[in-house]
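Work through the exercises below with the structure open beside you. Try each task before reading its solution.

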Amino acid sequence: MTYETLSEKLKNLYESSSDSYGMLVLELPAANILPLVTCLKEECGFDLFLDVTAVDYPEREPRFNVVYHFYSSSHNLRLRLKTQVAESDPTVATLSGLFGSARYMEREVHEMYGIKFSGNDDLRPILLYEGFVGHPLRKDYPIDMEQPIVAYRK
Amino acid sequence: MAMMEFITTRKDELVGWVRKFSIFPYPFVTACCGMEFMAVASTLYDTDRFGAALPRFTPRQSDMLMVVGTISHKEAPVIKKVYDQMCEPKWVMAFGACATSGGFYRNYAALQGVDKIIPVDIYVPGCPPRPEMVIDAIMKLQDKISRDRHPIFPFEEQTPVRL
């Protein structure tokens with residue numbers, strides 16, 4: 001399988017495709033994430049879920065990009081998926097039904113950017129702590145704002 | 001009365017001399033400074049020459065808490081608990097720039113110096129500090145211990161010594 005056959009197979013599910021340093025990048029609406037990734041895993045041999053993260057563009061509407069990376073060990077191909085979500089309803093479908101590792105990565109994206117993954121029932125903080133207010137990797141979080149747990153001396 | 005004061009002073013000197021050569025460190029290693037801690041503890045530099053190379057891996061048996069590396073806010077309750085578990089007398093060394101002041105981390109995660117939550121006796125700057133600096137810090141701490149008051153009985157009046 002090559003990038004050409006892959007993009008031909010998925011052409012109903014994404015909006016635009018581009019090339020980033022030899023890697024195929026697909027942009028798609030958030031509603032198509034789950035069907036496209038299901039097709040990737042079941043039919044195209046993409047067996048490794050590398051990462052999910054987000055990008056904050058404070059001046060843009062919709063504000064966030066959610067970015068996924070996949071790898072196919074049988075075809076030696078990498079794939080990046082990008083979708084846009086608005087600040088008012090930052091919700092994407094979870095991939096934890098397909099890839100178990102998505103549970104933890106989605107927890108991290110949830111605490112750092114405040115993006116909700118519908119269907120992931122365990123979105124407790126993983127690097128932050130209970131009681132932390134806000135999402136520190138959003139651009140509007142003050143860079144030096146601290147929320148200490150232990151009271152300071154003096 | 002003068003005789004008693006003489007004896008007390010000499011006793012403090014004796015206890016300080018004893019204590020300064022048996023500093024059992026508790027290395028609270030969280031980051032890359034740990035590599036430098038290994039370097040300073042091993043053969044070439046050898047903190048055992050100062051009686052400070054027997055790491056106790058329980059805070060209850062140690063005298064010096066070495067905070068080696070960045071402390072995050074999530075970790076702060078842990079180090080507070082470790083410090084509270086140590087028996088008196090106890091000393092704290094902030095090892096490296098991060099433990100001293102937060103270093104170059106100024107964000108939501110990093111504690112800006114471990115002295116925000118526990119009292120620190122000696123600060124070692126550097127990112128990471130050279131082994132010579134750590135040895136110098138241990139010797140300065142030994143100086144501090146040897147010149148300090150060492151009340152053995154609880155009813156002894158404790159006057160703070162300005163160094």
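The exercises that follow concern a predicted model and go from whole chains to single elements.

**Exercise 1. The two chains**

Task: State how many helices and strands chain A and chain B have, and in what order they come.

Solution. Step 1: chain A contains three helices and seven strands. Read from the N terminus, its elements follow the order α-β-β-α-β-β-β-β-α-β.
Step 2: chain B contains five helices and four strands. Its order from the N terminus is α-β-α-β-α-β-α-β-α.
Step 3: add the extent of chain A. Along the principal axes, its C-alpha atoms fill a box of roughly 65 × 30 × 30 Å.

**Exercise 2. Burial and contacts**

Task: Find what share of each chain is buried, and what share of the contacts with a separation of 6 or more joins residues 24 or more positions apart.

Solution. Step 1: in chain A, 25% of the 154 residues are buried. In chain B, 33% of the 163 residues are buried.
Step 2: turn to the contacts with a separation of 6 or more. In chain A, 46% of them link residues 24 or more positions apart. In chain B the figure is 77%.

**Exercise 3. The sheet of chain A**

Task: Give the order of the strands in the open sheet of chain A and say which strands stand at its edges.

Solution. Step 1: the open sheet has five strands in the order β1-β2-β5-β4-β3 (chain A), with mixed pairing.
Step 2: look for strands with a single partner. These are β1 and β3 (48-56) of chain A, so each has one side without a neighbour in the sheet and stands at an edge.
Step 3: consider the twist. On average, neighbouring strands of this sheet are turned by 20 degrees against each other, direction ignored.

**Exercise 4. Pairing inside the sheet**

Task: For the pairs β1(A) with β2(A), β2(A) with β5(A), and β4(A) with β5(A), decide whether the strands are parallel or antiparallel.

Solution. Step 1: recall the general rule. Strands of a sheet pair through backbone hydrogen bonds, either parallel or antiparallel.
Step 2: β1 (residues 16-20) and β2 (residues 23-27) of chain A are antiparallel, with five bridges. One position to check is Ser18(A), whose bridge partner in β2(A) is Val25(A). The two strands form a hairpin with two residues between them, and Tyr21(A) in the turn has a positive phi of about 50 degrees.
Step 3: β2(A) and β5 (residues 77-85) of chain A are parallel, with four bridges. Here Leu26(A) stands opposite Leu81(A) in β5(A).
Step 4: β4(A) and β5(A) run antiparallel and are joined by nine bridges. Val67(A) has Lys82(A) in β5(A) as its bridge partner.

**Exercise 5. The faces of a helix**

Task: Which residues of helix α2 (residues 33-43) of chain A are buried, and where do they lie around its axis?

Solution. Step 1: the buried residues are Leu36(A), Val37(A) and Leu40(A).
Step 2: viewed down the axis of α2(A), these residues fall within an arc of 95 degrees, so they line one face of the helix.
Step 3: the other side of α2(A) has Glu42(A) and Glu43(A), which are exposed.
Step 4: find the cover. β4 (64-72) of chain A is included in what covers the buried residues of α2(A).
Step 5: look past the helix. Gly45(A) follows α2(A) and has a positive phi, near 75 degrees.

**Exercise 6. A loop residue**

Task: Is Asp89(A) buried or exposed?

Solution. Step 1: locate Asp89(A) in the loop between β5 and β6 (91-93) of chain A.
Step 2: count its neighbours. Asp89(A) has 9 C-beta neighbours inside 10 Å, and therefore counts as exposed, since the cut-off for exposed is 12 or fewer.

**Exercise 7. Two helices of chain B**

Task: Describe how helix α2 (residues 33-41) of chain B packs against helix α5 (residues 131-146) of chain B.

Solution. Step 1: the axes are 9 Å apart, at an angle of about 70 degrees. α2(B) is therefore roughly perpendicular to α5(B).
Step 2: list the residues that meet. Glu36(B), Ala39(B) and Val40(B) in α2(B) meet Pro131(B), Val134(B) and Ile135(B) in α5(B).
Step 3: sort them by class. The contact of α2(B) with α5(B) has five nonpolar residues, no polar ones and one charged.

**Exercise 8. Between the chains**

Task: How many residues of each chain are in contact with the other chain?

Solution. Step 1: 10 residues of chain B are in contact with 13 residues of chain A.
Step 2: the side of chain B that touches chain A has four nonpolar, two polar and four charged residues.

Terms used. Residues are numbered from 1 along each chain as its sequence is written. Chains are lettered from A and ligands numbered from 1 in the order in which they are written. This is a predicted model: local features need pLDDT of at least 70, side-chain atom pairs count only at pLDDT 80 or more; totals for chains, interfaces and linings use all residues. A residue is buried if 20 or more other C-beta atoms lie within 10 Å of its own, exposed if 12 or fewer, and partly exposed in between; C-beta atoms are placed from the backbone. Two residues are in contact if their C-beta atoms, placed from the backbone, lie within 7 Å. Axes are lines fitted to C-alpha atoms, for helices over the stretch in contact, and angles run from 0 to 180 degrees between N-to-C directions. Angles under 35 degrees count as roughly parallel, over 145 as roughly antiparallel, 65 to 115 as roughly perpendicular and the rest as oblique. Ala, Val, Leu, Ile, Met, Phe, Trp, Tyr, Cys and Pro count as nonpolar, Asp, Glu, Lys and Arg as charged, and the others, Gly among them, as polar. The arc is that of the directions from the helix axis to the C-beta atoms. Two strands pair if DSSP finds at least two bridges between them.
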